[in-house]
Amino acid sequence: MAPVAIVGTGFTVMDRIYVEPESTRQEALGGSCGNVLISLAMLHHEVAPVLALGLDEIGNRLVEEFAVAGATTTYIRRSPALRSPVLAQHLDTRLGRHSFTFTCPETHEELPRYQPIDRSDLDDARPLLTNCTIFYTDRISDAIVEAMETAASSGAIVFFEPSDVSDSELFARAAAAAAIMKFSADRLDGNGDLAGVSQDAVVIVTHGEAGLEVRRGSDRRWCAPYPAPAVRDTCGSGDMVSVGLIDWLVASRTGHGAGPDVADVLKGVMAGQRLAAENCAFEGARGLFKACGASYARRVLTEG
């Protein structure tokens with residue numbers, strides 16, 4: 001099979017967005033992993049999500065969105081035993097603030113949750129993992145961590161974007177496999193949670209609207225944020241930084257097996273910050289892509 005540049009797995013849901021004061025409801029593929037992968041596919045990268053979804057209408061729509069964006073959907077498993085995940089988002093465009101819930105605001109019922117891939121999904125995806133340039137994940141499980149280790153041992157750059165430490169042993173294995181680890185200072189301890197990270201790994205610590213820090217060993221660089229032209233929705237800002245960085249790494253990488261270069265990481269991060277700032281002017285995690293198109297997003301990334 002032909003190599004796929006970017007392979008990923010993790011939090012992928014149907015975002016159900018309730019917008020105020022407009023009192024409207026929108027739906028689109030979301031979740032950090034889903035948003036990063038579909039954005040990169042829209043930017044014309046070869047992308048293959050490895051996911052487990054339900055054999056239901058929500059699953060149909062999520063797969064269709066990936067396919068329309070140009071992603072390879074062969075490794076999205078559909079099972080009648082699963083319900084495809086949905087996440088409700090409340091968005092106030094006047095304040096540029098949002099919140100999330102797994103309880104449906106209309107029925108007050110619990111919405112279906114994300115389910116990670118299993119061993120069979122991992123085995124099916126091994127040809128991808130041993131040939132990809134980037135492997136991205138924002139969640140961990142036994143199968144996901146083994147996927148990270150498989151990709152890393154084959155020379156891929158493993159990009160790990162955790163939101164918490166739910167299993168300290170698995171997290172330590174994941175951190176050891178990661179070449180790039182990006183997380184929010186509000187979610188993880190930038191010192192205690194990094195005990196297993198390789199000294200050669202690049203660590204990106206985000207501080208919301210204040211900016212972010214790029215670390216490698218004792219080398220620490222601060223990246224101030226770009227000013228947003230308007231702020232209607234900050235959802236997806238961190239994902240856009242990841243999109244910019246992965247886009248840059250794929251474009252600048254000279255060969256399979258080379259680790260991330262700090263200079264390239266900084267350039268990619270700043271490109272992603274520009275994209276994040278522009279995206280804040282629109283509703284939804286990929287509002288800029290929807291309103292202006294992928295070609296405009298490409299100009300933001302490349303032209304500065």
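**A guided tour of salt bridges, aromatic pairs and one sheet**

Begin by selecting Arg232, which counts as partly exposed because its relative accessibility is 28%. The model on screen is predicted. Add Glu22 to the selection: the two residues form a salt bridge in which the closest N and O atoms are 3.1 Å apart. Glu22 is likewise partly exposed, with a relative accessible area of 35%. Colouring by position in the sequence is useful here, as the pair links distant parts of the chain, 210 residues apart. Arg232 belongs to the loop between strand E14 (219–223) and helix H6 (237–252), whereas Glu22 is found in the loop between E2 and E3.

**The sheet beside Glu22's loop**

Next, display strands E2 and E3, which pair in the antiparallel sense over seven bridges. To locate one point of the pairing, select Asp15 and its bridge partner Ala28, the latter in E3. Then extend the view to the open sheet of four strands, whose order is E3-E2-E7-E8 and whose pairing is mixed. Which strands stand at the edges? They are E3 (24–30) and E8; each has a single partner strand, so one side of each is left without a neighbour in the sheet. Looking across the sheet, one finds a twist that averages 25° from one strand to the next.

**Phe11 and its surroundings**

A search of the whole structure finds three aromatic pairs. One of them is formed by Phe11 and Tyr114, with an edge-to-face arrangement: 5.9 Å centre to centre and 75° between the planes. This pair, too, joins distant parts of the chain, 103 residues apart. Phe11 sits in the loop between strand E1 (6–9) and strand E2 (13–20), and Tyr114 in the loop between strand E8 (97–101) and helix H3 (119–129). Both rings belong to buried residues: Phe11 has 10% relative accessibility, and Tyr114 has a relative accessible area of 15%.

Keep Phe11 selected and add Arg139. The charged end of Arg139 sits over the ring of Phe11, 4.4 Å from its centre.

**A tilted pair between two strands**

Move now to Tyr136 and Phe159, an aromatic pair with centres 5.5 Å apart and an angle of 40° between the planes, which is tilted. Tyr136 lies in strand E9 (residues 134–137) and Phe159 in strand E10 (residues 157–160), so the contact ties together parts that are 23 residues apart in sequence. Are these residues buried or exposed? Tyr136 counts as buried at 0% relative accessibility, and Phe159 counts as buried at 1%.

**Arg126 and its two partners**

Select Arg126, a partly exposed residue with a relative accessible area of 26%. Its side chain meets that of Asp123 in a salt bridge of 3.2 Å, N to O. Asp123 is also partly exposed, at 39% relative accessible area. The two lie three residues apart in helix H3, and are therefore separated by about one helical turn.

Now add Glu146, whose side chain forms a salt bridge with Arg126 at 2.7 Å, N to O. Glu146 lies in helix H4 (residues 142–153) and Arg126 in helix H3, so this contact ties together parts that are 20 residues apart in sequence.

**Final selection**

To finish, show Arg16, Arg25, Glu27, Arg61 and Glu106 together; salt bridges link these residues in a network. For the model as a whole, the count comes to 21 salt bridges.

Methods:
Residues are numbered from 1 along each chain as its sequence is written. This is a predicted model: local features need pLDDT of at least 70, side-chain atom pairs count only at pLDDT 80 or more; totals for chains, interfaces and linings use all residues. Side-chain values use heavy atoms; hydrogens and water are left out. Rings of Phe, Tyr and Trp (its six-membered ring) pair if their centres lie within 6.5 Å; planes under 30 degrees apart count as stacked, over 60 as edge-to-face and the rest as tilted. Buried means under 20% relative accessible area, exposed over 50%, partly exposed in between (1.4 Å probe, protein chains only). A charge sits over a ring if NZ of Lys or CZ of Arg is within 6 Å of the ring centre and within 35 degrees of the ring normal. Two strands pair if DSSP finds at least two bridges between them. Axes are lines fitted to C-alpha atoms, for helices over the stretch in contact, and angles run from 0 to 180 degrees between N-to-C directions. A salt bridge is a side-chain nitrogen of Lys or Arg within 4 Å of a carboxyl oxygen of Asp or Glu.
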